[in-house]
Amino acid sequence: MGIISWIVLGLLAGIIAKFLMPGRGPGGCIVTPLIGIVGALLGGWLGKVIFGVDSIDGFFELSTWIAAIVGSLILLGLYRLVARARD
């Protein structure tokens, strides 16, 4: 996948993760997509390391989307924990 595909996938995964994990979270319309982009990368990496599969096959593959969304959910949850601890 190209860099543009990664960015688009991450943006959409961040939005989906925010929808799946509702609530008043820190950040906003800029932080959530950034978390999605990094979360997509994290999800792909975790899929390779933990399960030994190539979870980033292509933009329209289900495994790619699942890995990106799970990675975004993990990162969004960690971000909320850290932000609450600072308050």
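What is the handedness of the crossing of α1 and α2? The exercises below treat this and related points in a predicted model.

**Exercise 1. Describe how α1 and α2 cross, including the handedness asked for above.**

Solution. Helix α1 covers residues 3-20, and helix α2 covers residues 31-51. Two numbers are required, since a pair of packed helices is described by the angle between the axes and the distance between them. The axes of α1 and α2 come within 7 Å and cross at roughly 110°. That angle makes α1 roughly perpendicular to α2, because angles from 65 to 115 degrees are placed in that class. The handedness completes the description: the crossing of α1 and α2 is right-handed.

**Exercise 2. State the overall make-up of the protein in terms of helices, strands and buried residues.**

Solution. The protein contains three helices and zero strands. Followed along the sequence, these elements give the pattern α-α-α. Of the 87 residues in the protein, 33% are buried.

**Exercise 3. Determine how α3 is oriented towards α2 and towards α1.**

Solution. Helix α3 spans residues 62-86. Begin with α2: its axis and that of α3 come within 6 Å and cross at roughly 120°. The two helices α2 and α3 are therefore oblique to each other. The crossing in which α2 passes α3 is right-handed.

Turn next to α1. Helices α1 and α3 pack at an angle of about 60°, and their axes are 8 Å apart. This makes α1 oblique to α3, because the perpendicular class runs from 65 to 115 degrees and the parallel class ends under 35. Here too the handedness can be given: α1 passes α3 in a right-handed crossing.

**Exercise 4. Identify the nonpolar surface patch and classify the accessibility of I3 and L12.**

Solution. The patch has an area of about 610 Å² and is made by I3, I4, I7, V8, L11, L12 and I15. I3 is found in helix α1, and L12 lies in helix α1 as well. For I3, the relative accessible area is 62%. I3 is therefore exposed, as the class begins over 50%. For L12, the relative accessibility is 37%. L12 therefore counts as partly exposed, because its value falls between the limits of 20% and 50%.

**Exercise 5. Is I69 buried or exposed, and which residues of the chain is it compared with in space?**

Solution. I69 is found in helix α3. Its relative accessible area is 16%, so I69 is buried; the cut-off for this class is under 20%. Two C-alpha distances place I69 in relation to other parts of the chain. In the pair with A17, the residues are 52 apart in sequence and 6.0 Å apart in space. In the pair with L12, the separation is 57 residues along the chain and 8.6 Å between C-alpha atoms. The partner L12 lies in helix α1, so this second distance links α1 with α3.

**Exercise 6. Locate T64, classify its accessibility and give its C-alpha distance to A40.**

Solution. The place of T64 is in helix α3. T64 has a relative accessibility of 0% and therefore counts as buried. Although T64 and A40 are 24 residues apart along the chain, their C-alpha atoms are separated by 8.5 Å.

Definitions and conventions. Residues numbered from 1 in each chain as written. Predicted model: local features only at pLDDT ≥ 70, side-chain atom pairs only at ≥ 80, totals over all residues. Heavy atoms only, no water. Patch = residues over 30% accessible without salt bridge, like charges linked within 9 Å, V, L, I, M, F, W, Y side chains within 5 Å. Areas by Shrake-Rupley, 256 points an atom, 1.4 Å probe, with all protein chains shown as cover. Salt bridge = Lys/Arg side-chain N within 4 Å of Asp/Glu carboxyl O. Helix = DSSP H or I, 4+ residues; strand = E, 2+ residues; numbered from the N terminus. Buried < 20%, exposed > 50% of the residue type's maximum accessible area, 1.4 Å probe, protein only. Axes fitted to C-alpha atoms, helices over the stretch in contact; angles between N-to-C directions. Parallel < 35°, antiparallel > 145°, perpendicular 65-115°, else oblique. Left-handed = near helix turned anticlockwise from the far one by under 90°.
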